[in-house]
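The exercises below concern one protein structure, shown next. Please work through each task before reading its solution.

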Amino acid sequence: MIKYFSKIILVGFVVIFAKVYSQETKTFKINKLGQNKGLLQLNAQALSQDSLGFLWVGTEDGLHRFNGYEFKPFVAHAKDSTTLIDDHIRGLLAIGDTLWIATNSKGVSGYRFSENKFFETTKSLKKNDLQIAYKILKLDAPHLLFSTRNHFILFNRKDGNKQIFKLPENQRENFVEDVIKVSKNTYWLATRTSGILEFNIVDGQLKRLPFFNPSSASAFIKKGNSLFISSEKGLYEYLLSSNKINIVSETPAINTLFLLDNEELLVATHQGMFCFNLKTEKTSKIIFEDKLNNTYENIVIEKIVKDDKGNLWLGTAGEGVFYLNKFQKKFETVQVKISNSEDDQRISVFPFFKRNDSILWIGSTKGTLAYNLTTKTFKRYSTGKNGITYCFAEDDTGTLWAGGIYDGLMKYNPKTDQFSQWLSTDTQNGLPDNEVLTIIPRNNSKLWLCTWAGGITEFDTVKETFTPILINGEQLNRVRVYLHDSENNLWLGTDQGLYKVSENRTATVYTQSDSEKSELTNDRVFALKEDQQGNIWIGTSSGLTKLNPKTQSTTLYFKQKGFSNDFVYTILIDKKNHIWLSTNYGLSVLNPATNTFKSYTKEDGLQDNEFNGKSGFKDTEGMFYFGGINGFNIFNPEKIIDNPHFPKIYLESVELFNKPIERNELFKDTLQFKSEENVLTFNFTALNYSNPQKVSYQYKLDNFDKQWSPPSSKRSVTYTNLNPGNYTLNIKATNDAGLWGDEVKRVALVIIPPWYQTTVFKISLFVCIILLIIGLYFYKTSRLKREKIKLEKLVYERTQDLIQKNKALEASNETTLKQRNNIEFLMKELSHRVKNNLQIVSSLLNIQANSIEHKKSKEILTIAKNRILAISYVQAQLNSKTDEVDVGKFVENFSLNMIETLTDEDSLTFELQFDIKNNTFCNVNITLIGLILNELITNTFKYAFNTYSKENILQIECSLINKTIKLSIKDNGVGYNKENIKKGSLGLDMVTEMVHQLNGTIITETQNGVKNTITIPCNKNTK
């Protein structure tokens, strides 16, 4: 019986509603947020936005916070008093730092954002009715109204005071649905079963207003002099100036009202939502359509909230949350619908053509279509319906031509509203290929028909004849697109590159393999356009190229932010010189002034993300037409309004070793971590609820990162092994239009050093070291004093002992000095006696030599005498008190002495030259050196020269090189045979032996005279 009665009520509701409301509809594009985003339950009965911009949703299975990407749930735990007290939530209100929560069985509680803490408010109220809460309503700055079953509680937020007021009794459950302030201390309360009550907040008086007869009121909306009131019986208008009330519509079960703007009122009922125009008093049924093109009509809307950006959030019964962004839908899509079509598959759109009328010509997978922009109806033409109409062109007479894949050439006759057709034949001068890709109007009633495999052929529209066209003397296939630029140059885009064709049909070819100065992104050219500066823009299968015809230089653009797919199908250029590109993933727009891209996708209202080749057109009024796999979009690029708002950026959470830690990061500007907590992941978000997947982020950690990270959609960053110190994490983000805001979220990070690296420890250690040093100093000072005293005593004793010993030593020194003087005297005497004896021996040898006539014997005696004299001279030199001898000076003096000795007997036959270097002091046996000189000079005197001549030279050199004495005795005499001389020469053998005793070497050269080079180690005394 109850079910039957319910059906009667429902049928009656629909009938009454249909009579009152017209059948006009409005479609709202929505983002549907449900369990795919983390919502635990789809009955979204309560909505509220906090001061940070987060959306809070209350369901029958918990509380949820939404950041644009996913919901974070908060649920009740029976054994944890710090969690949510009840999962079934009926009402929410965020004010300042607190979210007030009305629950189904535990009254009213709160959540302190900055403390990340839940608390209970009405637990102390024992009455069961007060534990069943419905709504939280704001009255004034300090006062809130908690709506509970059959009661309401006036709560003072300043002092926590609670006043309980009972609602008029009724057979049905009663509670306050809405409240509105009508005077300084007076409020009207909309109740479920008591109509409208007037409540004085000062004296607490509560009375029912008699002018409102319905027993139920659900919402108030004030606009000017009118107060709109909803109830179970319909919508009422109360005129505040005249105190009159009128019924606007007799419709039951209105849940809530919302003033969309100054002209439209949203009416949410149990059978969907309607839009009531306050001026025209017309009502439209609202149909919601999500991103997947699913529609929702008879949806029960529980709550409507407008956020700080002016967007709407709708809590539904059973469908989650609907989000309406006024910047979401930027484009209108037209889907091709053909009556009596063989199938209901979507129709793909290719080229467009439009004159200055209301007909838009469309090439599609169903052939040629004409779309009436006024009546919004399609007409399909029978000619070419079996293939794809791939191009349109208008000749110099205004005739429309079309080319098709498999359908050849087609001509439109406006009188018959039909197309005539030319197909490929086997004749030599016919159409070479049925796949006509491009039609290029030429002068004198000529058309160039560019085909897939038959090259280019020229069609005479008057004679209807076909003539092949060769470019660079060759057939050119697959010309997909052409351009007549402002200089009247003809450009052809092909699969083999870009051709610039001259009048004589020769062409300059631009390809991917050209020099870096003029290369293309790819050889397959799909789009060509010229901008306002005369640059040629080339769209290829792998990017975009800008060609400067004057400098022949190119600029290449590949995949990047805002240009996520670089297969460019068509190019259009707007009045701002922005370059619009259709791709396999939406539309991308390049601003050449900044070299930045932004993109639009299906979520912005495009027909789909994938577009088609040649499917782009700009009419004379500046309207753009882009077609793809699911219809086409028509829009004025000057009227596309991007989201002007920039998102707020927050650090949502931190993970330590990939595990979340609860530190309420949203409300902290500084975070501290221990040094061993060295694997940190920071999760951040930007509250851009419209197309959050388009938001890009950059981050930079001061004192660690050298530069900002590349833009990406990644919302987290992990740092490992951060050294102790202070850091600042900087985060910035774009909105969904790709624009960077000025806001940079900064969070200070402090990595606390281990105890042995802290400043306190270092200072303590320093102080301890100083104290230790001071203690050691005093200890050593005291010890030194004691040792000093002891040492002074010892020194005194030793001094006295030394004085005595010194006296004895002085006496001994006097004795030693006397002895040394005696020794020196004896040595002088000995040296004198030796010298005299050597002189006696030398004189005796000289006398003996003079008395002997035998030449050989005389010679031997003379040599012996000279050797004795040499020893005598050396002995005189040895009387010097120094150990080191100036060898050079000795050699020079000794040599002169020897020459004087020799010239006593014979006259000198040569000139003597010296090359003696300074500072040739050495500790060396000069006796041996003297004997060596004696032998060598004597040999020169005896054998080198027969007679005197100025050119006869005896040169003696002495130098000290690298601690080695180099002695050279050289003459330019007759020389000798060394081997012959050695046989009977005792002198040369003596020389060799004496050199060896000096640890030296001797080299004798007998060419051009005789040269003896002697090297002797030089030993110096060290002090």
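The exercises treat pockets, cavities, a surface patch, salt bridges and backbone geometry in this predicted model.

**Exercise 1. The largest pocket**

Task: Determine what volume the largest pocket has, and which strand gives the largest share of its lining.

Solution:
1. The volume of the largest pocket is about 1,200 Å³.
2. Its lining comprises 45 residues. Nearest the centre lie Lys-135, Glu-177, Thr-256, Glu-302 and Lys-303.
3. Strands that each supply at least two lining residues include strand 3 (46–49), strand 7 (89–95), strand 11 (133–138) and strand 15 (176–181). Strand 19 (219–223), strand 23 (254–259) and strand 28 (301–306) also each supply at least two.
4. Strand 23 provides the largest share, with 6 residues.
5. Sorted by class, the lining holds 24 nonpolar, 10 polar and 11 charged residues.

**Exercise 2. The enclosed cavities**

Task: State how many cavities of 30 Å³ or more are counted, and describe the lining of the largest cavity by class.

Solution:
1. The count is 2 cavities of 30 Å³ or more.
2. The largest cavity encloses about 160 Å³ of space. It is lined by 19 residues, and those closest to its centre are Lys-309, Asn-311, Leu-687, Asn-688 and Tyr-689.
3. The lining of this largest cavity divides into 7 nonpolar, 8 polar and 4 charged residues.
4. The second largest cavity holds about 40 Å³. Among the residues that line it are Asp-50, Trp-56, Arg-65, Tyr-111, Asn-664 and Phe-667.
5. By class, the lining of the second largest cavity has 7 nonpolar, 1 polar and 2 charged residues.

**Exercise 3. A nonpolar surface patch**

Task: Identify the area of the nonpolar surface patch that contains Ile-770, and classify Ile-770 as buried, partly exposed or exposed.

Solution:
1. The patch covers about 1,100 Å². Its members include Ile-763, Phe-766, Ile-770, Ile-774, Tyr-777 and Phe-778.
2. Ile-770 belongs to helix 2, which spans residues 759–851.
3. The relative accessibility of Ile-770 is 33%, so this residue counts as partly exposed.
4. A patch member must have over 30% relative accessible area, and the value of 33% for Ile-770 is consistent with that cut-off.

**Exercise 4. Salt bridges**

Task: Give the number of salt bridges counted, then locate the partners of the Arg-149 and Asp-129 pair and of the Arg-172 and Glu-232 pair.

Solution:
1. The total is 32 salt bridges. As background, side chains of opposite charge can pair when their charged atoms come close.
2. Arg-149 pairs with Asp-129, and their closest N and O atoms are 2.8 Å apart. Arg-149 sits in the loop between strand 12 (143–148) and strand 13 (151–156), while Asp-129 sits in the loop between strand 10 (117–120) and strand 11; the two are 20 residues apart.
3. Arg-149 is partly exposed because its relative accessibility is 22%. Asp-129, at 15%, counts as buried, because the cut-off for burial is under 20%.
4. Arg-172 and Glu-232 form a salt bridge with an N to O distance of 3.6 Å. Arg-172 lies in the loop between strand 14 (162–166) and strand 15, and Glu-232 in the loop between strand 20 (226–231) and strand 21 (234–239), 60 residues apart.
5. Arg-172 is partly exposed at 40%, and Glu-232 is partly exposed at 32%.
6. A further salt bridge joins Asp-702 and Lys-700 at 2.9 Å, N to O. Asp-702 is partly exposed at 25%, whereas Lys-700 is buried at 18%.
7. Arg-478, Arg-480, Asp-495 and Arg-524 are connected in one network by salt bridges that share partners.

**Exercise 5. Backbone geometry**

Task: Find the phi values of Asn-488 and Asn-919, and state where each residue lies.

Solution:
1. Most residues other than glycine have a negative phi.
2. Asn-488, which is not a glycine, has a positive phi of about 65°. Asn-488 lies in the loop between strand 44 (481–484) and strand 45 (490–494), and is exposed at 59% relative accessibility.
3. Asn-919, likewise not a glycine, has a positive phi of about 55°. Asn-919 lies in the loop between strand 68 (911–916) and strand 69 (921–922), and is exposed with a relative accessible area of 60%.

Technical notes:
Residues are numbered from 1 along each chain as its sequence is written. This is a predicted model: local features need pLDDT of at least 70, side-chain atom pairs count only at pLDDT 80 or more; totals for chains, interfaces and linings use all residues. Side-chain values use heavy atoms; hydrogens and water are left out. On a 1 Å grid over the protein atoms alone, a cavity is a set of points where a 1.4 Å probe fits but cannot get out, and a pocket is an open set with protein on both sides within 12 Å along at least five of seven lines; lining residues have an atom within 4 Å of a point. Grid points are joined across faces, edges and corners, and a volume is the space filled by probe spheres set on the points. Helices (H or I, at least four residues) and strands (E, at least two) are DSSP runs, numbered from the N terminus. Ala, Val, Leu, Ile, Met, Phe, Trp, Tyr, Cys and Pro count as nonpolar, Asp, Glu, Lys and Arg as charged, and the others, Gly among them, as polar. Patches are made of residues with over 30% relative accessible area and no salt bridge: like charges are joined within 9 Å, nonpolar side chains (Val, Leu, Ile, Met, Phe, Trp, Tyr) within 5 Å. Accessible areas come from the Shrake-Rupley method with a 1.4 Å probe; for residues, only the protein chains shown count as cover. A salt bridge is a side-chain nitrogen of Lys or Arg within 4 Å of a carboxyl oxygen of Asp or Glu. Buried means under 20% relative accessible area, exposed over 50%, partly exposed in between (1.4 Å probe, protein chains only).
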